[in-house]
Amino acid sequence: MSSKKVRALTRNLGQYRMVNARNDEESQGFQLVRQETHLSNVSQVERFLPDILGRALARCWIDKIFRQSFYMAPKETLFDYHVHLPDDITVSVETDPGERSKVVVYEHRPGELPKRVMYLQLVMMAGR
């Protein structure tokens with residue numbers, strides 16, 4: 001079954017981003033969370049977001065359209081999948097040459113440099 005790409009522009013903080021939506025069974029059934037999730041403080045982010053981001057990273061490995069959306073705008077993509085984060089939390093995808101991409105979560109406090117709360121990186125390991 002071929003994927004049907006639908007492109008739509010959504011306005012986000014003065015910037016436009018491309019959103020790809022597929023109209024097939026696989027993407028329709030994919031969920032990062034079972035219900036609308038509102039994380040309201042750093043403690044909740046530290047407790048619940050690692051599992052959610054782990055699912056998002058795993059999805060990035062198998063879904064090119066999701067990966068493009070998530071890499072371009074991770075916090076907005078999480079929002080699209082019903083995960084709401086506090087305004088003082090940002091999520092970025094960092095790629096360094098020779099390393100796998102990692103998702104880094106920062107907390108922003110007024111008058112201070114951003115503080116890294118956590119980062120996640122999927123690593124494939126093989127053993128013998």
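**Loops, helices and salt bridges**

Biologist: Where does His82 lie?

Modeller: Look just after helix H4 (74-80) and before strand S4 (83-84). Helices (H or I, at least four residues) and strands (E, at least two) are DSSP runs, numbered from the N terminus. His82 belongs to neither element, sitting in the H4-S4 loop.

Biologist: What pLDDT do local features need in this model?

Modeller: Residues are numbered from 1 along each chain as its sequence is written, and side-chain values use heavy atoms, with hydrogens and water left out. The model is predicted: totals for chains, interfaces and linings use all residues, side-chain atom pairs count only at pLDDT 80 or more, and local features need pLDDT of at least 70.

Biologist: What is the phi of His82?

Modeller: His82 is partly exposed because its relative accessible area is 41%; buried means under 20%, exposed over 50%, and partly exposed in between (1.4 Å probe, protein chains only). Its phi is positive although His82 is not a glycine, at about 70°.

Biologist: What pattern does the chain follow along the sequence?

Modeller: There are four helices and seven strands to place. Two strands lead off, and four strands finish the chain. Written out, that is β-β-α-β-α-α-α-β-β-β-β.

Biologist: How much of the chain is made up of buried residues?

Modeller: The accessible surface comes to about 8900 Å², with 49% of that belonging to carbon and sulfur atoms. The areas come from the Shrake-Rupley method with a 1.4 Å probe, and for residues only the protein chains shown count as cover. Of the 128 residues, the buried share is 36%.

Biologist: Which residues does Glu36 touch, not counting those up to four places away in sequence?

Modeller: Start in the loop between helix H1 (25-29) and S3, where Glu36 lies. Glu36 has 43% relative accessibility, so it counts as partly exposed. Its C-alpha is 9.5 Å from that of Phe79, 43 residues away in sequence. A contact means heavy atoms within 4.5 Å, and Glu36 touches His82 and His84.

Biologist: And which residues is His38 in contact with, leaving aside neighbours within four places in sequence?

Modeller: His38 is in strand S3, and it is exposed because its relative accessible area is 55%. Its C-alpha is 8.2 Å from that of His82, 44 residues apart along the chain. The contacts of His38 are Gln44 and His84.

Biologist: Is Leu39 buried or exposed?

Modeller: Leu39 sits in the loop between strand S3 (37-38) and H2. Beyond its neighbours within four places, it is in contact with Gln44, Val45, Phe48, Leu49, His84, Leu85 and Pro86. With a relative accessible area of 5%, Leu39 is therefore buried.

Biologist: What separates the C-alpha atoms of Ser40 and Leu85?

Modeller: Ser40 is also in the loop between S3 and H2, but at 54% relative accessibility it counts as exposed. For Leu39 and His84, 45 residues apart along the chain, the C-alpha separation is 6.1 Å. Ser40 and Leu85 are likewise 45 residues apart along the chain, with a C-alpha separation of 6.5 Å.

Biologist: At roughly what angle do the axes of helix H2 and helix H3 cross?

Modeller: Two packed helices are described by the angle between their axes and the distance between the axes. Axes are lines fitted to C-alpha atoms, for helices over the stretch in contact, and angles run from 0 to 180 degrees between N-to-C directions. For H2 (residues 42-62) and H3 (residues 64-72), the axes come within 6 Å and cross at roughly 130°.

Biologist: What does that make H2 to H3?

Modeller: Under 35 degrees counts as roughly parallel, over 145 as roughly antiparallel, 65 to 115 as roughly perpendicular, and the rest as oblique. Residues that meet here include Leu53, Ala56 and Trp61 in H2, and Phe66, Phe70 and Tyr71 in H3. The angle therefore makes H2, relative to H3, oblique.

Biologist: Which residue forms a salt bridge with Asp63?

Modeller: A salt bridge is a side-chain nitrogen of Lys or Arg within 4 Å of a carboxyl oxygen of Asp or Glu, and the whole structure has two. Both partners in this one are buried. The closest N and O atoms are 3.2 Å apart, and the partner of Asp63 is Arg59.

Biologist: How far apart are the closest N and O atoms of Arg109 and Glu107?

Modeller: Arg109 is partly exposed because its relative accessible area is 39%, whereas Glu107 counts as buried at 7%. Their salt bridge has its closest N and O atoms apart by 3.3 Å.
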